[in-house]
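Biologist: I should be grateful for a close look at a single part of this model. Please take one strand, describe its surroundings, and then turn to the charged contacts found in the structure.

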Amino acid sequence: MDILESIKMATTTLVANKLRSSLTMLGIIIGNASVIAMVGIGQGAQKLASEQFESLGPNVLFIIPGNQNAQRNRDVPKTLVLEDAEAIVRQVPSVGGVAPQIQTRQSVTYSNKNTNTQIMGVTPEFLPVRSFNVAKGRFFSNQDVKGNTQVAILGPDVVKKLFGNSNSIGERVRIKNISFLVIGVMESKGSFLGSNQDDTVYIPLTTAANRIIGRTSPYGLEVSFISVSAKDANSIGAAQFQISNLLRLRHKITTEDDFTVRTQKDVLTIVGTISGALTLMLAAIAGISLFVGGIGVMNIMLVSVTERTQEIGLRKAIGATQQDILIQFMIEAIILSAAGGILGTFIGVGGIMLVGAVTPLKAGISPVAIAIAVGVSGGIGLFFGVVPARRAAQLDPIVALRSA
């Protein structure tokens with residue numbers, strides 16, 4: 001029998017049973033859409049994380065108190081101090097800038113309005129190292145840091161909450177019942193890994209340590225972490241090595257480090273590994289529905305063989321071979337799976353575009369995921385169509401006609 005004639009007959013049979021064919025394809029449609037959407041959303045999450053880390057500043061390294069085990073157990077030692085940052089500035093030639101940082105959360109009050117927000121104690125080097133800018137007013141100077149000056153620069157979201165559309169520069173806010181003069185407003189920076197960087201108040205690091213948080217380390221003025229910018233991209237490895245050696249000497253370490261130096265690349269690798277594993281897991285879960293859809297195809301095809309016993313008997317009686325019957329039923333199964341795969345692809349792509357439109361995720365459409373999903377759905381039709389097709393092909397025409 002001509003293959004085109006087999007395709008035409010298979011299509012006619014499937015169209016004649018629209019509801020049953022549609023329900024059979026439903027599992028394949030859901031499976032394909034889920035796989036494509038999950039892979040696209042996972043890739044979007046990786047892109048978003050990459051862009052957010054790049055926004056932290058060019059060639060930035062982060063020095064964090066405690067080694068990996070301590071951070072995992074949340075038992076972070078208070079060994080990273082301001083003097084470490086000053087030593088890095090003096091003794092590490094591959095470093096372009098150093099920005100130590102203290103952070104806490106406090107209630108900030110203006111008139112009868114208040115908001116609980118993040119308080120950042122930083123130095124003037126924070127701006128160039130982390131690529132932040134002041135939109136209005138000015139940032140504080142080294143003289144403000146040395147003098148424990150009570151001045152503050154507000155993030156744009158803090159300004160909206162406390163001042164609305166009014167001018168905030170020159171006004172005074174209270175943090176922990178201490179008055180601070182507002183001297184500037186930061187440029188909007190957006191969120192970073194779920195943390196709103198615009199909902200922040202920046203004050204001199206020494207003021208934060210002495211007036212807000214208090215000194216908590218026996219080794220000096222404790223800092224939450226230190227941001228360091230290498231002179232250029234080629235200096236990142238050298239900076240990481242030199243900083244590690246310097247801090248080991250300063251902390252008199254002979255065994256395990258009490259700090260961790262991470263580059264943007266290190267953090268991106270970790271985030272990429274985690275998001276990649278989650279994407280793979282979600283795609284695998286979505287792939288289960290493809291398998292279930294394949295079982296649905298086989299089930300309906302077996303029912304179809306039973307219902308069409310007389311037709312099979314007649315066709316074999318007038319000369320159709322086992323191969324002709326086998327090909328027709330295989331084509332029907334493949335058409336069901338391929339059509340479900342194509343519809344599922346459109347739905348999955350539509351879901352990705354919707355997610356990209358209503359969320360910050362820049363979900364991408366993966367041609368590889370689409371090709372794999374459609375190929376797998378077609379393969380499922382071929383695989384699960386074999387049993388009912390063989391069963392139909394092996395029917396004895398006399399027995400088939402008698403049982404009809």
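What follows is an account of one strand and its partners, and then of the salt bridges.

Modeller: The model is a predicted one, and every statement below should be read in that light. The part chosen is strand β3, which spans residues 113-122. Of its 10 residues, 7 are buried, and the strand is therefore mostly covered, since buried means under 20% relative accessible area.

Strand β3 has a partner in strand β2, residues 95-110. These two strands run antiparallel and are joined by 9 bridges. One position in this pairing can be found by locating S107, whose bridge partner in β3 is N116. Strands β2 and β3 form a hairpin with 2 residues between the strands. In that hairpin, S111 takes a positive phi near 55 degrees.

Strand β3 also pairs with strand β10, residues 200-204. Here the sense is parallel, and the pairing extends over 5 bridges. Within it, V122 stands opposite P204 of β10.

Strand β10 leads to the charged contacts. The loop between β9 (195-196) and β10 holds D199, and this residue forms a salt bridge with K161, with 3.1 Å between the closest N and O atoms. K161 belongs to helix α7, residues 156-163, so the contact ties together parts that are 38 residues apart in sequence. The two ends differ in their surroundings: D199 is buried at 12% relative accessible area, whereas K161 is partly exposed at 41%.

A search of the whole structure gives 4 salt bridges, and two others may be described here. In one of them, the side chains of R250 and D84 meet at 2.7 Å, N to O. This pair links distant parts of the chain, for R250 is in helix α9 (residues 236-250) and D84 is in helix α4 (residues 82-91), 166 residues apart. D84 is buried, with a relative accessible area of 1%, while R250 is partly exposed, with 34%.

Another salt bridge joins D144 and R138, whose closest N and O atoms are 3.5 Å apart. D144 counts as buried because its relative accessibility is 10%, and the cut-off for that class is under 20%. R138, by contrast, is partly exposed, with a relative accessible area of 41%.

Note on methods: Residues are numbered from 1 along each chain as its sequence is written. This is a predicted model: local features need pLDDT of at least 70, side-chain atom pairs count only at pLDDT 80 or more; totals for chains, interfaces and linings use all residues. Side-chain values use heavy atoms; hydrogens and water are left out. Buried means under 20% relative accessible area, exposed over 50%, partly exposed in between (1.4 Å probe, protein chains only). Helices (H or I, at least four residues) and strands (E, at least two) are DSSP runs, numbered from the N terminus. Two strands pair if DSSP finds at least two bridges between them.
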